[in-house]
Amino acid sequence: MNNTSKIFCALDTSDLEQAKKWASAVGPVTGALKVGMEFVNSFGPQGIEAIQNAAPNADLFIDLKFHDIPNTVAGAVRTTCANFAPAYINVHAAGGQEMLEAAKDACGNDTKLLAVTILTSLDQEAIAKVGYQNELSGQVIRMAKLAENSGLDGVVCSALEIELVRKACASNFELIVPGIRPSGSDHGDQKRVIMPSEALDKGATHLVIGRPITGANDPAKAAREILESL
Ligand code: C5P
């Protein structure tokens, strides 16, 4: 695990050759890459292997957000760790303490386990419809604490939640933050964005950055410029 890697570049594409090109160009710069549901459902375990071969020294975050009964999630975590020894994987905190603990028990020593609290696509009205009675930020903290108390290594959280979670959880609890936009870059579909250095100043430990890197004419150069701005 390369602890100096602050940026996970999100390889969001359904084109395997494109993903491999990004991985080999950007992996040596950021030292860390992320693959998610679209990629893994398109290319399966072979796709993950192809990314690891294209960027053998880069840490990998396999972002599949497992959420099921404890036994099933533990099996998924165990298999993922055994096959790929990724630096990070994640589960939904909403799976509950027993599921989180089972996931942590099944997690390999080389892999950190993160929780997703409330998806950033959900607002106050949406979580009320699901049945959460708390105010959104209170619910995020509640779920981050649940993850921490269940032994998880950190959470994925939005820019708006960094300071709250940082305050509520231990200083070594990791905060991985997407929705990052360097100044001057296109926001795309991200509604609440933050600059890379600002996110780190607020207490983020790692950033997930996709299109500002992969959408650039020279992704490696874009990644280098972001790192230099930190
Ligand atoms: O291209 P962009 O920088 O917006 O990519 C952000 C990445 O972080 C995508 O892979 C997206 O799925 C992921 N993500 C997010 N917001 C969350 C959780 C994950 O944007 N709340």
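A residue counts as buried under 20% relative accessible area, as exposed over 50%, and as partly exposed in between. On that scale Ala 85 is partly exposed, because its relative accessibility is 42%. Ala 85 belongs to the loop between H3 and S4. Its phi is near 40°, a positive value in a residue other than glycine. Most residues other than glycine have a negative phi. The model described here is predicted.

Lys 65 also departs from that pattern. Its phi is positive, at about 45°, although Lys 65 is not a glycine. Lys 65 sits in strand S3. With a relative accessible area of 24%, Lys 65 is partly exposed, since the buried class ends at 20%. Strand S3 is nevertheless mostly covered, with seven of its eight residues buried.

The strand pairings can be followed from S1. Strand S1 spans residues 7-10. Ile 7 and Cys 9 point one way from S1, while Phe 8 and Ala 10 point the other way. All four are buried. In a regular strand the side chains alternate between the two faces of the sheet. S1 has pairings with S8 and with S2. With strand S8 (residues 206-209), S1 pairs in the parallel sense over three bridges. Phe 8 has Val 208 as its bridge partner in S8. With S2, S1 runs parallel and is joined by two bridges. Here Ala 10 stands opposite Lys 34. The chain passes from S1 to S2 through helix H1 (residues 16-30), and this β-α-β crossover is right-handed.

S2 in turn pairs with S3. Five bridges join these parallel strands. Leu 33 stands opposite Leu 60 of S3. S2, H2 and S3 together make a right-handed β-α-β unit. S3 then pairs with strand S4 (residues 88-92), again in parallel, through three bridges. Phe 66 finds its bridge partner in Val 91 of S4. The link from S3 to S4 runs through helix H3 (residues 70-84), and this β-α-β crossover is right-handed as well.

Aromatic contacts involve residues of these strands. The structure holds four aromatic pairs. Phe 8, Phe 61 and Tyr 88 form one aromatic cluster. Phe 8 is one of the buried residues of S1.

Strand S5 covers residues 112-116 and includes Leu 114. Leu 114 counts as buried because its relative accessibility is 0%. Ala 55 is 59 residues from Leu 114 along the chain. The C-alpha atoms of Leu 114 and Ala 55 are separated by 22 Å.

Two pockets were examined. The largest pocket has a volume of about 950 Å³. Its lining comprises 35 residues. Lys 65, Thr 120, Pro 178, Gly 179 and Gln 190 lie nearest the centre of this pocket. Lys 65, with its positive phi, is thus placed both in strand S3 and in the lining of the largest pocket. Strand S2 (32-36), helix H2 (37-54), strand S3 (59-66) and helix H9 (211-214) each supply at least two residues of the lining. S2, H2 and S3 are also the elements of the right-handed β-α-β unit described above. By class, the lining divides into 14 nonpolar, 10 polar and 11 charged residues.

The second largest pocket has a volume of about 230 Å³. It is lined by 15 residues. Pro 182, Ser 183, Ala 222, Glu 225 and Ile 226 are the closest to its centre. Two elements, helix H8 (196-202) and helix H10 (219-228), give two or more residues to this lining. H10 gives the most, with four residues. The lining of the second largest pocket divides into seven nonpolar, five polar and three charged residues.

Note on methods. Residues are numbered from 1 along each chain as its sequence is written. This is a predicted model: local features need pLDDT of at least 70, side-chain atom pairs count only at pLDDT 80 or more; totals for chains, interfaces and linings use all residues. Side-chain values use heavy atoms; hydrogens and water are left out. On a 1 Å grid over the protein atoms alone, a cavity is a set of points where a 1.4 Å probe fits but cannot get out, and a pocket is an open set with protein on both sides within 12 Å along at least five of seven lines; lining residues have an atom within 4 Å of a point. Grid points are joined across faces, edges and corners, and a volume is the space filled by probe spheres set on the points. Ala, Val, Leu, Ile, Met, Phe, Trp, Tyr, Cys and Pro count as nonpolar, Asp, Glu, Lys and Arg as charged, and the others, Gly among them, as polar. Buried means under 20% relative accessible area, exposed over 50%, partly exposed in between (1.4 Å probe, protein chains only). Two strands pair if DSSP finds at least two bridges between them. A crossover is right-handed if, with the strands pointing away from the viewer, the path from the first strand over the helix to the second runs clockwise. Rings of Phe, Tyr and Trp (its six-membered ring) pair if their centres lie within 6.5 Å; planes under 30 degrees apart count as stacked, over 60 as edge-to-face and the rest as tilted.
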